[in-house]
Amino acid sequence: MEPSGGRIGPSTESSTSGRILVVDDHELNLKLLECLLELEGHEVRAADSLAAAERALAEEQPAMIVLDVNLPDGNGLELTRKLKSHPVTASIPIVACTAGVTGDDEHQALEAGCDAYVSKPIDLRRFATVIASMLG
């Protein structure tokens, strides 16, 4: 996906059915989310910025995105809006996973198009339940 609003989604028709893209700028959070998802049997691709996430999305369409909202190069909710407005990527479930703890943070994430919201610190059981429900 090109940040300028060009092509969205992978350059080929193929997608990785079980791969989850995790976007978080904090290395420890990224590793924790990777480990949790891999323990549940998911293949994970990690990105530490919006730019890295956009490069990953240009290469392949994941089964799901777990996205931090506050990233050094922008707001994850803007990426969510962009993905949800494009027919190729609109159906990808997006889980906002952020340190925001107010009801307003959750409301903003859901209003932007996120399919679920998980606050940090992560409740492991809730996180696993949310991921399982999103992947059906």
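**Overall architecture and burial in the predicted model**

Of the 136 residues in the chain, 46% are buried. The coordinates examined here are those of a predicted model, and every value reported below was computed from it. The solvent-exposed surface of the chain amounts to about 6,900 Å², of which carbon and sulfur atoms contribute 51%.

The secondary structure consists of 5 helices and 7 strands. Read from the N terminus, these elements follow the order β-α-β-α-β-β-β-α-β-α-β-α. The contacts within the chain were also examined by sequence separation. When contacts between residues at least 6 apart in sequence are considered, 65% of them join residues at least 24 apart.

Helix α3 was examined individually. This element spans residues 76–84, and its buried residues are G76, L77, L79, T80, K82 and L83. The N-terminal end of α3 is capped by N75, in which a side-chain oxygen lies 2.6 Å from the backbone nitrogen of L77. L77 thus appears both as the partner of the capping residue N75 and among the buried residues of the helix.

Cysteine residues were considered next. A search covering the whole structure returned 0 disulfides. The surroundings of two cysteines were assessed by their accessibility. C97 has a relative accessibility of 1% and is therefore classed as buried, since the class comprises residues under 20% relative accessible area. C35, by contrast, has a relative accessible area of 43%; this residue is partly exposed because its value falls between the 20% limit for buried residues and the 50% limit for exposed ones.

Definitions and conventions. Residues numbered from 1 in each chain as written. Predicted model: local features only at pLDDT ≥ 70, side-chain atom pairs only at ≥ 80, totals over all residues. Heavy atoms only, no water. Disulfide = S-S within 2.5 Å. Buried < 20%, exposed > 50% of the residue type's maximum accessible area, 1.4 Å probe, protein only. Helix = DSSP H or I, 4+ residues; strand = E, 2+ residues; numbered from the N terminus. Polar contact = N/O pair within 3.5 Å; in protein donor to acceptor, adjacent residues only side chain to side chain. Contact = heavy atoms within 4.5 Å. Areas by Shrake-Rupley, 256 points an atom, 1.4 Å probe, with all protein chains shown as cover.
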